[in-house]
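Me: I've got a structure open and I'd like to talk through its empty spaces and its ligand. Can you take me through it step by step?

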Amino acid sequence: MPAEAAVRRFRERFARRPVGVSFAPGRVNIIGEHLDYCGLPVLPFALRQGLYLAFRPRSDDRVRCLTTLPGAGVADFRLAEDPPPGFGRYIHAAGAGLAAGGWLGRGPRRGFDGFDGFLEATLPAASGLSSSSALVVAAARALLAVNRDIERNEEDLRRLALDLAVAERGVAIQGGAMDQSIALGGRAGCALQLAFDPPAWTAVPVDPNRFAFLAVFTGSPADKGGAAGRIFDRRVEEARQALAGLEREIGPSGGYPGLLARHPAAALRRAVRSLPPPLARRATHILEEARRVGRAASALRRGDAEALGGLLDDSHESLRRDYEVSTEALDRLVRTARDRGALGARLTGAGLGGSAVVLTTPDRAAALLDSLRRDYAVAFPAVPSGPARILPAASPA
Ligand code: GLA
C-alpha cells in the first residue's frame, strides 16, 4: 500500500512518525484538450492513482522532502526563498500559491511552517496523467494541514485550484487550471465538467455498466521541462493570437466562451478562414473541441458509449492534424486500441508524449487491457475516483 510505504519510509529516514499522508490523484481528461487555458470547459475525472506525501510539521519555513521516485533526488529549501530546482519546485509552488491567495499566514505570525516529507507515487512521472499538479495539490493540502487550516467548501476549493494553477505556471508550463481543479474536486463515480468563465464544477455520472476507461502510457514521457514544454507554451500563445484575430474580424466578444455563445457556427468558420494557416488550424481545434465537450457530457448522461467513442476519435484527429500535439507513439497507441476493439481512444493531457485514454464497454475491458498490456508496460483501468485528502498516518509497527 503506497500510503503505508510512505509512512514506513518516512519513519526510517526521519526516525519519527509523520502526522498524516496527503494524497492527491492524477487524472485523465475524457475530452476538452487544450481548452482550459482558453477559458473553455473540459471533462476530466480523478484517478485512483496519484501521489502520497507523508508529512510532519516543522517549526520553521523549511521543506525537506525525500522520495525513492526515479531521478528525483531530495528537495530541501525554504518557502520564503526562490524555488529550488527539481521536484521541490512544485512543492514551492504550492507554498507560493497559498501565500498569494492569502490562504495562510494572515494570523499573528507572518509566514507559515514547512514540513518534513516522504513522497511515494502510483502514477508514472511525465506520463501525461498530471503527476506534477498532483504534487502541487498534495503539498498544498499538507501545508494547509501543518498550519492547522480548517476544511474548505467547494467555492474555496475552486479558488484554491486557480491560485495553485497560477503558482504552478511560475515554475512550469503555461497551462490552465484543469489539473489542479480535478485533483481538488474529483468525485467517485463521476467526471467533472469544469467551467472557468465563470468557474463552475458540474458532476457528470459515469455509468459503470456502460462505460469502461483505460489509461495507457506510450512509454515516451512528455518532457515538459524541455521541447514538449516549449511547444506547449507556443500553443498557448497561438491560441491567444488566434483569439485576437477572430475578435478583430468578428468584434470583441469577451474571449473564446463569448465567441462561442454569441456567434453562429457559420460566422465563426468564416472568421477562422481569415486567419493565417497555423492559427486557423489552432482555432478550428479549439472551437470544434469545445462543441465536442458539450456533446460528450450528454453522451455520458444518456449512457451512449458509441457516441462518446466517436467524439474521442474526432478529438484525437483534431489534436493530431490541427493542434499538432500528437506524436507517432500516441497515434500508434490510439490506432492499436481501436484495432483491438476500443470504442474510441485519444491522447489525454497535453500530448507531445504521455498517455492515451481508451473507451470500451465493461464486458470487453479486461480482454482489451490484457491485450494492450502485451505492448504497453503501464496500462490500467481508469476509474473515476475521489479528491485529494489527508489520510491518517497509521503505520505498521
Ligand atoms: C496540461 C495542462 C492543463 C491542460 C492540458 C491540455 O495537462 O497542465 O492545464 O492545458 O495540458 O488540455
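Me: Which residues line the largest cavity?
Reply: This is a predicted model, and its largest cavity holds about 40 Å³ of space. The residues lining that cavity are R158, L162, S181, A195, F196, P199 and W201.

Me: How many cavities of 30 Å³ or more does a search of the whole structure find?
Reply: Rolling a probe the size of a water molecule over the atoms shows where empty space is left. With a cut-off of 30 Å³ or more, the search of the whole structure finds one.

Me: Where does the ligand sit?
Reply: Around the ligand you'll find, among others, R27, Y37, G175, M178, F232 and A350. That shell takes at least three residues from each of domain 1 (2–204 + 387–392) and domain 2 (212–382). As for the spot itself, the ligand sits in the largest pocket.

Me: How many charged residues does the shell around the ligand have?
Reply: The residues surrounding the ligand include R27, E33, D36 and D179, and Asp, Glu and Arg count as charged. Sorted by class, the shell has four nonpolar and four polar residues, and its charged residues number four.

Me: How much of the ligand's accessible area does the protein cover?
Reply: Start with the contacts: a polar side-chain atom of R27 is 3.0 Å from a ligand oxygen atom, and one of D179 is 2.9 Å from a ligand oxygen atom. A backbone N or O atom of H34 lies 2.7 Å from an oxygen atom of the ligand. On its own the ligand has 310 Å² of accessible area, and the protein covers 97%.

Methods: Residues are numbered from 1 along each chain as its sequence is written. This is a predicted model: local features need pLDDT of at least 70, side-chain atom pairs count only at pLDDT 80 or more; totals for chains, interfaces and linings use all residues. Side-chain values use heavy atoms; hydrogens and water are left out. A residue is near a molecule or strand if one of its heavy atoms lies within 4 Å of it. A polar contact is a pair of N or O atoms within 3.5 Å; within protein, one must be able to donate a hydrogen and the other to accept it, and residues adjacent in sequence count only if both atoms are side-chain atoms. Accessible areas come from the Shrake-Rupley method with a 1.4 Å probe; for residues, only the protein chains shown count as cover. On a 1 Å grid over the protein atoms alone, a cavity is a set of points where a 1.4 Å probe fits but cannot get out, and a pocket is an open set with protein on both sides within 12 Å along at least five of seven lines; lining residues have an atom within 4 Å of a point. A molecule sits in a cavity or pocket if more than half of its atoms lie within 2 Å of its grid points. Domain bounds come from an automatic or database domain assignment. Grid points are joined across faces, edges and corners, and a volume is the space filled by probe spheres set on the points.
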